Amino acid sequence: MDGDRITGFTVAGHSGYAEAGADIVCAAVSTAVTMAEAIINEVCGAKAKVRVKQEDARVTLTLPTSCDEEETVQAALSGLMLTLLNIKEDYEDYIEVLEV
């Protein structure tokens, strides 16, 4: 974060809720992250940098210093955070959400 501005996110690891292919926590998080990235880059055209490391099960999205659709991009990132917090409420042993 930069003041009140969310500058990106990192999602890493496996939830351990179930085996690969049957892990609903992982599926929910992956879907939320994919949707947020699509809104930010495809809908808003923010040109955020996205790095995927398959071996670490890690996705990092970093916003540029400014975006034309800043309000919408921030809403998408806030929505992602709320979604992850909601998942955590139901599966608290399988997901950790940190704001740094």
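**View 1. Glu 70, a partly exposed residue of helix α2 in the predicted model****.**
Glu 70 has a relative accessible area of 22% and is partly exposed. Glu 70 belongs to helix α2, which covers residues 70-90. The side chain of Glu 70 takes part in a salt bridge with Arg 5.

**View 2. Arg 5, the buried partner of Glu 70****.**
The relative accessibility of Arg 5 is 16%, so Arg 5 counts as buried; the cut-off for this class is under 20%. Arg 5 sits in the segment before β1, a strand spanning residues 8-12.

**View 3. The salt bridge between Arg 5 and Glu 70****.**
In this pair, the closest N and O atoms are 2.8 Å apart. The contact links distant parts of the chain, namely the segment before β1 and helix α2. Arg 5 and Glu 70 are 65 residues apart. The count for the model comes to one salt bridge.

**View 4. Cys 44 and its closest cysteine sulfur****.**
Cys 44 is buried, at 12% relative accessible area. From the sulfur of Cys 44, the closest cysteine sulfur lies 8.1 Å away, in Cys 67. A disulfide requires the two sulfur atoms to be within 2.5 Å, and the separation here is therefore too far for a bond.

**View 5. Cys 67, a buried cysteine without a disulfide****.**
Cys 67 counts as buried, with a relative accessibility of 12%. For the sulfur of Cys 67, the closest cysteine sulfur is that of Cys 44, at 8.1 Å, which is too far for a bond. Across the whole structure, the search finds zero disulfides.

How values were computed. Residues are numbered from 1 along each chain as its sequence is written. This is a predicted model: local features need pLDDT of at least 70, side-chain atom pairs count only at pLDDT 80 or more; totals for chains, interfaces and linings use all residues. Side-chain values use heavy atoms; hydrogens and water are left out. Buried means under 20% relative accessible area, exposed over 50%, partly exposed in between (1.4 Å probe, protein chains only). A salt bridge is a side-chain nitrogen of Lys or Arg within 4 Å of a carboxyl oxygen of Asp or Glu. Helices (H or I, at least four residues) and strands (E, at least two) are DSSP runs, numbered from the N terminus.
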